[in-house]
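Grab a pencil and work through the exercises below with the model open beside you. Try each task before reading its solution.

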Amino acid sequence: MESTFLLDDFSHFYSFFQDSGNSIPDDSAGVGGSGGGGRKRRRGSAGGSGDESGALKEILASLLLLDEEEKLDQDKWVLDCQNERALFEENHRQRAQAMNEYRADMVERFGEMEESESSRVKRARRSASAVAAGVAAAASSSDNVGSESSSQPVGHHRRLWVKDRSKAWWEWCSHPDFPEEEFRRAFRMSRATFDMICDELDSAVTKKDTMLRLAIPVRQRVAVCIWRLATGEPLRLVSKRFGLGISTCHKLVLEVCAAIKTVLMPKFLQWPDDEKLKMVKDEFESISGIPNVGGSMYTTHIPIIAPKVNVAAYFNKRHTERNQKTSYSVTVQGVVDPKGVFTDVSIGWPGSMSDEKVLEQSSLYQRANSGFLRDVWVVGGSGYPLLDWVMVPYTHQNLTWTQHAFNEKTGDIQKVAKEAFARLKRRWSCLQKRTEVKLLDLPVVLGACCVLHNICQMRNEEMDPELQFELFDDEMIPENGLRSASSAQARDRIAHDLLHHGLAGNAFL
């Protein structure tokens, strides 16, 4: 088969040589010797054909030999590749086996180290317990027994080392002779209100003593949290004031705020019942002349440090443009009664959201759409849409006198909420600056501030006149501000009644 293939491939060589042989002229033929010359040419032609056939065979043989050599080279190359591959696979198998053995050895070594470390920790704990038990026994025994016990060898036990921090400031604050004004300035509330909060949180905050150290008292725990919220000072200064570690102070703030949310929020921050709601409506109507107003709503922003995730959502464009400094924030939406007490809050939504979007995400919005707020108006600013239960001022241009009068009265109601948020931020200075609290823990801290604000408002706690804060929160008019035709008609009717019954005033003139 191979020979046939080669002959077919090189048949053009044979034709070439055959044509060349036929084209060679016969010089041995004379002019007159045609017969003899013809015979000589035939014999010469026959001899020439024999030579040409031999040359062709030699060429074909050479080509076959070259092809055979090429085939042998190719077979050798394939064999070499197979050998190299087998060698590579063998090396890989040996390395994988070595790595598996090394890993098994390391796992065994780490297991032994973990067992050794666990045993060492257990021995250290037993030693510390023994030392504490010995100290307690020595303190409760007589002098003779104490001297005898002190002679026992305890040098091999590890001692519990605690940094000695001064608690002089807190001890002076806890003293009955500490001035009331100083206490109020430090904690933004009177001593009586502080004691009431401590009594309410006693069961949720109290910790038991251990064999190694005494538990921090409830009053000191609550004081650490309230002083931190009131002053907004960093944790290192809180640590110096109360003689506690920085991490301990941070933990106490979060624990007490969580206890305030769990224990005090259901008591001091809730939507009024029917009887109280009627009183709220009457008070708001006496302020503005608008009937059935159950609350004044406002949304403020709390500055935060740029979060590590979803940064764009918390970017506050309006505050950044005003302050010429990149600002990030979370929102606090609140509804207040005529005394500035929060009756509903929605905390923690990103600062890039408008007031309209924050409202749509709140639980109050869901409850209202379920019929919770029938025959009740919640008055909001121009950043909210007009809904079946949300009353907002007119925002279009070229207002009539009636519409101006209505906006004046809704502004009086809105002023109640704005003043409440201003007092909230003045009283708890931690809300004025970027806080160190993590984003996940921030709603608990902000909720605790709202609850403490309500307690102070209900107990008529006076504000320090030196505490000042100017509230800035831009309102963005929603794209679809009119969502309820019935509310639009009700608003027009209320505005007409205010003007024609002499309740509108003349500030708009």
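What follows is a set of short exercises, each with a worked solution.

Before you start: this is a predicted model, where local features need pLDDT of at least 70, side-chain atom pairs count only at pLDDT 80 or more, and totals for chains, interfaces and linings use all residues. Residues are numbered from 1 along each chain as its sequence is written, and side-chain values use heavy atoms, with hydrogens and water left out.

**Exercise 1. The whole chain**

Task: Find how many helices and strands the protein chain has, and what share of its residues is buried.

Solution:
- Start with the secondary structure, where helices (H or I, at least four residues) and strands (E, at least two) are DSSP runs, numbered from the N terminus. The protein chain has 18 helices and five strands.
- Next, burial: buried means under 20% relative accessible area, exposed over 50%, and partly exposed in between (1.4 Å probe, protein chains only). Of the 509 residues, 37% count as buried.
- Then the surface, worked out by the Shrake-Rupley method with a 1.4 Å probe; for residues, only the protein chains shown count as cover. The accessible surface is about 31,100 Å², and 53% of that belongs to carbon and sulfur atoms.
- Last, the contacts, meaning heavy atoms within 4.5 Å. Among those between residues at least 6 apart in sequence, 72% join residues at least 24 apart.

**Exercise 2. The cysteines**

Task: Work out why C257 has no bond to C225.

Solution:
- Recall the chemistry: a disulfide is a covalent bond between the sulfur atoms of two cysteines.
- Set the cut-off: a pair of cysteine sulfur atoms within 2.5 Å.
- Check the gap. The closest cysteine sulfur to that of C257 is in C225, 3.6 Å away, and that is too far for a bond.
- Check the rest: searching the whole structure turns up zero disulfides.
- Look at the cover, too. C257 is buried at 0% relative accessible area, and C198 is also buried, at 4%.

**Exercise 3. Helix 10, ruler in hand**

Task: Compare the expected span of helix 10 with its end-to-end distance, then find its kink and its packing partners.

Solution:
- The expected span is 1.5 Å times one less than the number of residues. Helix 10 (residues 246-268) has 23 residues, so it should span 33 Å; its end C-alpha atoms are 30 Å apart, which agrees.
- Look for a bend, taken as the angle between axes fitted to the seven residues ending at a residue and the seven starting there. There's a kink of about 35° at T262, shortly before the proline P266.
- Pick out the covered residues: the buried ones include C249, C257, L264 and F268.
- See what they pack against: helix 7 (191-205), helix 8 (218-231), helix 9 (235-242), strand 3 (342-350) and helix 17.

**Exercise 4. Two of those partners**

Task: Run the span check on helix 8 and helix 17, and see what comes just after each.

Solution:
- Helix 8 has 14 residues and should span 20 Å; its end C-alpha atoms are 20 Å apart, so the two agree. In helix 8, 13 of the 14 residues are buried. G232 follows helix 8 with a positive phi near 70°.
- Helix 17 (residues 442-458) has 17 residues and should span 24 Å, which agrees with the 25 Å between its end C-alpha atoms. Here 14 of the 17 residues are buried. Just after helix 17, N460 has a positive phi of about 55°.

**Exercise 5. Aromatic pairs**

Task: Classify the W227–F242 and F342–F421 pairs and say which elements each one joins.

Solution:
- Rings of Phe, Tyr and Trp (its six-membered ring) pair if their centres lie within 6.5 Å; planes under 30 degrees apart count as stacked, over 60 as edge-to-face and the rest as tilted. The whole structure holds 15 aromatic pairs.
- W227 and F242 sit 6.1 Å centre to centre with 75° between the planes, which makes the pair edge-to-face. W227 is in helix 8 and F242 in helix 9, so the pair ties together parts 15 residues apart in sequence. Both W227 and F242 are buried.
- F342 and F421 have ring centres 5.1 Å apart and planes at 75°, so this pair is edge-to-face. F342 is in strand 3 and F421 in helix 16 (residues 401-427), so the pair ties together parts 79 residues apart in sequence. F342 and F421 are both buried.
- W227 and F242 also belong to one aromatic cluster with W169, W170, F183, F187 and F194.
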